[in-house]
Amino acid sequence: MSEEEDRKTKNAIFAARDAAERAMGVTKEEVMKRDFGLDIPVSAVPIPSGGVIYPPENPLHMQQTVDIRGMTAREEDILMSRALIRKGTVITELIKSCITTDGIDVQSLIGGDRNALMIAIRILGYGAEYNGSMDCPKCEQKNEISVDLNNLEVKDLKAAPIEPGQNKFAFTLPLTKKEVVFKFLTGKEEEEILATLEAKKKRGIQNDNIITTRLLHSILSVDGITDRNKLAQFISFMPARDSIALRGYMDEIEPGVDMKFEFTCKNCEHWEVMPLPLGPSFFWPNARRS
């Protein structure tokens, strides 16, 4: 047998073995451990919603945790993908690549659960110490920051949905007394909002309706009215007192991770509680970018 024939035979054997392993449910992690001795860590991550807002047909229904594995060079490729960064889907693809619990649609995850998984992936891949830089909001001096991600507070869901297995919550507006039914936005909806705002920005349209845009995506009904055009009109003319109260209640009960940290400027000593920057830079705080 020639060298070329021998190579083709071996490739065919390996391909057949890989196909058989996939059919038997052998994971990539098991293959890497067997063939190369690489033990990729897998961790069960608690999700803040506790799975109570996902319907029975969703694998996350009433589930307390989701299994993820540590990042590899493949995930670093995802983080460096300019196409995914432009589309605003890089975090979705990263979570999708690292999640090992079967059948989960990453885009159906609400924002708080996504953030919990994202932070867990970051800790598992690069450790809990986050080093970066931020400009002081007062003197604009650049400051180096260091935050222990393990110290970020996990916020559990603080209100029961209207019915178990539904992403629906009720709130009575204090001024107009209207009953609003709302939901927490999913990853897909967050990406759609960002894409819409980015498209407007490219056309030179000022994004001065972010609050009403997010409310329109979140509110399902007002006093039983579900017509989207009518809801858009109501949201536009909602008294500010009602709008502030509704958004405050949504923030109060929403499950997720408190991404804020205490910032003290080393130049002017200004102190403020500020949000950590998210996005791809969250995973590459000190790395050289291509």
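In the predicted model, C136 counts as buried, with a relative accessibility of 2%. The closest cysteine sulfur to that of C136 belongs to C265 and lies 3.7 Å away, which is too far for a bond, because a disulfide requires two cysteine sulfur atoms within 2.5 Å. A search of the whole structure accordingly returns zero disulfides. Another cysteine, C98, is also buried, at 0% relative accessibility.

The protein as a whole has 290 residues, of which 37% count as buried. Its secondary structure consists of 10 helices and 11 strands. The accessible surface amounts to about 17000 Å², and carbon and sulfur atoms account for 52% of that area. When contacts between residues at least 6 apart in sequence are considered, 60% of them join residues at least 24 apart.

Several strands are arranged in antiparallel pairs. Strand β3, formed by residues 129-135, pairs with strand β4, residues 142-148, in the antiparallel sense through seven bridges. One of the bridge partnerships links S133 to E144 in β4. The two strands make up a hairpin with six residues between them, and in its turn E140 has a positive phi of about 65°. The side chains of β3 alternate along the strand. Y130, G132 and M134 point to one face and are buried, whereas E129, N131, S133 and D135 point to the other face and are not buried.

A second hairpin is formed by β10 and β11, again with six residues between the strands. In this hairpin, E269 adopts a positive phi near 65°. Strand β10 (residues 260-264) and strand β11 (residues 271-275) are antiparallel and share five bridges. T264 of β10 has W271 as its bridge partner in β11. The two faces of β10 can also be told apart: F261 and F263 lie on the covered face, while K260, E262 and T264 lie on the uncovered one.

An open sheet is built from three strands in the order β6-β7-β8, with antiparallel pairing. Its edges are β6 (169-172) and β8 (219-222), each of which pairs on one side only. On average, neighbouring strands of this sheet are turned by 25° against each other, direction ignored. Strand β7, residues 179-182, is joined to β8 by three bridges. Within this pairing, V180 has V222 of β8 as its bridge partner.

The helices provide further examples of burial. Helix α5 is largely enclosed by the rest of the structure, since seven of its nine residues are buried. These residues are V90, I91, T92, L94, I95, S97 and C98. Their cover includes β2 (65-69), α3 (73-79), α4 (82-87), α6 and α7. In helix α8, which spans residues 210-218, the buried residues include T213, L215 and S218. The elements that cover the buried residues of α8 include β7, α7 (187-202), β8, α9 (228-237) and α10 (240-253).

The loop between α5 (90-98) and α6 (111-126) contains I99. With a relative accessible area of 13%, I99 is buried, because the limit for a buried residue is under 20%. Beyond its neighbours within four places in sequence, I99 is in contact with V66, D67, I68, I104 and L117. I99 also illustrates how residues separated along the chain are placed in space: V42 is 57 residues away in sequence, and the C-alpha to C-alpha distance between them is 9.2 Å.

L117, one of the contacts of I99, also belongs to the largest nonpolar core, which has 60 residues. L117, F182, I219, L246, L276 and F283 touch the most other members of this core. The largest share of the core comes from α6, which contributes six residues. When neighbours within four places in sequence are left aside, the contacts of L117 are V45, I47, V66, I68, I95, I99 and L109. Among these contacts, I95 is one of the buried residues of α5, and I99 lies in the loop between α5 and α6. V66 and I68 appear among the contacts of L117 and also among those of I99.

Note on methods: Residues are numbered from 1 along each chain as its sequence is written. This is a predicted model: local features need pLDDT of at least 70, side-chain atom pairs count only at pLDDT 80 or more; totals for chains, interfaces and linings use all residues. Side-chain values use heavy atoms; hydrogens and water are left out. Helices (H or I, at least four residues) and strands (E, at least two) are DSSP runs, numbered from the N terminus. Buried means under 20% relative accessible area, exposed over 50%, partly exposed in between (1.4 Å probe, protein chains only). Contact means heavy atoms within 4.5 Å. Accessible areas come from the Shrake-Rupley method with a 1.4 Å probe; for residues, only the protein chains shown count as cover. Two strands pair if DSSP finds at least two bridges between them. Axes are lines fitted to C-alpha atoms, for helices over the stretch in contact, and angles run from 0 to 180 degrees between N-to-C directions. A nonpolar core is a set of buried Ala, Val, Leu, Ile, Met, Phe, Trp, Tyr and Cys residues joined through side-chain atoms within 4.5 Å.
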